[in-house]
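Visitor: Could you take me in for a close look at one part of this structure? I'd like to start with the space inside and then see what is packed around that space.

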Amino acid sequence: MPGHETHARSTLMAASIIGAATRLFDQRGYAETRMQDIADSMGITRPSLYYYFSSKEEILAAMLLDLASADKVLDGIDDLSVPPLERLRELMLRIGAQVVDQPARLRIVNRNFGQVPEPFRKDFTAQRRRLATGLTRTIEAAIRDGAVRPVDPELTTSIIFGAITGIPDWYRPANASRARETIEAITSMLLNGIAFPAEGRHDGTVPGVIRHITEDLAYLGHLYEPATPPPGG
């Protein structure tokens, strides 16, 4: 099937170009990299490069395609048979996995988002908004379940989402296994900040919530209780 083979070769070539551009954009910077540099790095002519991509902006847009889909990340996250805290952890791990699978691409996109053609920017933003909404709803479910403290769900979403998607800006994993370990560690640290200890979770009832709020307030009062002044002070 000549047509199928030709399409397969074209797909492979386009992927190779994106890979080469990713390395150059990440090492040199997007603005400093020319189409000629990409062609030279691959040992092809510039006209051959233009056959696949008409500009750097088009290459940048293509980089978004593997980063923008929310469907796989959100699949099954609303399964009510799974405890909300477990769903929250799984969602955070999935977002993290998507981040560390293509860290260089995400760095490039984050730094040069304004250069991406508008339709692709809108789609990417919409997909990220879907992930953030899913995260917020799962946090809300975990709060109702008594597994998570009564935090502000939207603010917590912003903190968690920012912490996870910002990983590529400062961390360059030696290998995929180490990257996943990092995501798991960060997920655990973030959850530890908002989740009740297993032995301290309320039962989801109003009295249970009130009891734990009262206990938390008592604990805070103990922390901030002014020291007893010395005699004669």
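Guide: Let's start with the largest cavity, which holds about 90 Å³ of space. Keep in mind that this is a predicted model. Searching the whole structure for cavities of 30 Å³ or more turns up one.

Its walls are made by Leu67, Ile95, Gln98, Val99, Leu106, Phe124, Arg128, Leu131, Phe161 and Thr165. Sort that lining by class and you get seven nonpolar, two polar and one charged residues. Three helices, α6 (84–101), α8 and α9, each put at least two residues into the lining, so let's see how they sit against one another, citing the cavity's helices in pairs.Take α6 and α9 to begin with. Their axes are 9 Å apart and the packing angle is about 30°. That makes α6 roughly parallel to α9, and the crossing of the two is right-handed. On the α6 side the contact is made by Met92, Ile95, Gly96 and Val99, and these meet Ile160, Phe161, Ile164 and Thr165 of α9. By class, this contact has six nonpolar, two polar and no charged residues. Ile95, Val99, Phe161 and Thr165 should look familiar, since they also line the cavity.

Now swing over to α8 (residues 118–144) and α9 (residues 153–165). Here the axes are again 9 Å apart, but the angle is about 125°. The two helices are therefore oblique to each other, and α8 crosses α9 in a right-handed sense. From α8 come Arg128, Leu131, Ala132, Leu135, Thr136, Ile139, Glu140 and Ile143, while α9 brings Pro153, Glu154, Thr156, Thr157, Ile160, Phe161 and Thr165. This contact has eight nonpolar, four polar and three charged residues. Arg128 and Leu131 of α8 are in this contact, and both turn up in the cavity lining too.

Before you leave α8, look at the second largest pocket, with about 210 Å³ of space. Helix α8 gives the most to its lining, with six residues. The full set is Leu74, Ile77, Asp78, Leu80, Arg87, Arg130, Thr133, Gly134, Arg137, Thr138 and Ala141. By class, that comes to four nonpolar, three polar and four charged. So α8 has a part in the cavity lining, in the contact with α9 and in the lining of this pocket.

Definitions and conventions. Residues are numbered from 1 along each chain as its sequence is written. This is a predicted model: local features need pLDDT of at least 70, side-chain atom pairs count only at pLDDT 80 or more; totals for chains, interfaces and linings use all residues. Side-chain values use heavy atoms; hydrogens and water are left out. Axes are lines fitted to C-alpha atoms, for helices over the stretch in contact, and angles run from 0 to 180 degrees between N-to-C directions. Helices (H or I, at least four residues) and strands (E, at least two) are DSSP runs, numbered from the N terminus. Angles under 35 degrees count as roughly parallel, over 145 as roughly antiparallel, 65 to 115 as roughly perpendicular and the rest as oblique. A crossing is left-handed if the near helix is turned anticlockwise from the far one by less than a right angle, and right-handed if clockwise. Contact means heavy atoms within 4.5 Å. Ala, Val, Leu, Ile, Met, Phe, Trp, Tyr, Cys and Pro count as nonpolar, Asp, Glu, Lys and Arg as charged, and the others, Gly among them, as polar. On a 1 Å grid over the protein atoms alone, a cavity is a set of points where a 1.4 Å probe fits but cannot get out, and a pocket is an open set with protein on both sides within 12 Å along at least five of seven lines; lining residues have an atom within 4 Å of a point. Grid points are joined across faces, edges and corners, and a volume is the space filled by probe spheres set on the points.
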